[in-house]
Amino acid sequence: MRRLTFIAGLAVGYVLGTRAGRERYEQLKKSAGRISQNPAVRNAAETAAMSGREYAGKAYHSVSEKVPGSVAERVRSLRSRNHNGEDDWGTTNT
């Protein structure tokens, strides 16, 4: 009898816990969506992405000057083949 009561208690606790967990997940998801739509946050993210692109470009040029030509050409060819020359950093797929 005790074992059956224990198992029933586990089952009820599991169901209630998963329901409460799902509700909390939905709350967090909603608040994250609100934060990501905030203009100040979006501007900060775009500024960070632009700065990152700028620094990455500087680093690329600095490294490519020091790397032998054959390696640099190989990297350029791989980059153009994989990304068609476009940089998709900082973009979101919606």
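What follows is a short walk through the helices, surface and salt bridges of this protein.

Let me say at the outset that this is a predicted model, and that everything I describe is computed from it. The secondary structure comes to three helices and zero strands, so that, reading from the N terminus, the order of elements is simply α-α-α. Of the 94 residues in the protein, 3% count as buried. The exposed area is about 8,600 Å², and carbon and sulfur atoms supply 59% of that area.

I will begin with helix α1, which covers residues 2-37 and includes phenylalanine 6. Is phenylalanine 6 buried or exposed? Its relative accessible area is 55%, and because the cut-off for exposed is over 50%, phenylalanine 6 counts as exposed. This residue does not stand by itself on the surface, since Phe6, Ile7 and Leu10 form a nonpolar patch there, with about 320 Å² of accessible area together.

Staying in helix α1, we come to a salt bridge between glutamate 26 and arginine 22, in which the closest N and O atoms are 3.1 Å apart. Both residues lie in α1 and are four residues apart, about one turn of the helix. As a general point, an α-helix has 3.6 residues a turn, so residues three or four places apart point the same way. Glutamate 26 has a relative accessibility of 33% and therefore counts as partly exposed.

Now to helix α2, residues 39-66. At its start, a side-chain oxygen of asparagine 38 comes to within 3.0 Å of the backbone nitrogen of alanine 40. How far apart are the end C-alpha atoms of α2? They are 41 Å apart, and with 28 residues at 1.5 Å a residue the helix should span 40 Å, so the two values agree.

Helix α2 also has a salt bridge, which joins lysine 58 to glutamate 54, with the closest N and O atoms 3.3 Å apart. These two residues are separated by about one helical turn, because they are four residues apart in α2. Lysine 58 is partly exposed, at a relative accessible area of 48%, and glutamate 54 is likewise partly exposed, at 45%.

To bring this together, the count of salt bridges comes to two: glutamate 26 with arginine 22, and lysine 58 with glutamate 54. The nonpolar patch of Phe6, Ile7 and Leu10 is the other surface feature I would ask you to look at in the model.

Note on methods
Residues are numbered from 1 along each chain as its sequence is written. This is a predicted model: local features need pLDDT of at least 70, side-chain atom pairs count only at pLDDT 80 or more; totals for chains, interfaces and linings use all residues. Side-chain values use heavy atoms; hydrogens and water are left out. Buried means under 20% relative accessible area, exposed over 50%, partly exposed in between (1.4 Å probe, protein chains only). Accessible areas come from the Shrake-Rupley method with a 1.4 Å probe; for residues, only the protein chains shown count as cover. Patches are made of residues with over 30% relative accessible area and no salt bridge: like charges are joined within 9 Å, nonpolar side chains (Val, Leu, Ile, Met, Phe, Trp, Tyr) within 5 Å. A salt bridge is a side-chain nitrogen of Lys or Arg within 4 Å of a carboxyl oxygen of Asp or Glu. The expected span of a helix is 1.5 Å times one less than its number of residues. A polar contact is a pair of N or O atoms within 3.5 Å; within protein, one must be able to donate a hydrogen and the other to accept it, and residues adjacent in sequence count only if both atoms are side-chain atoms.
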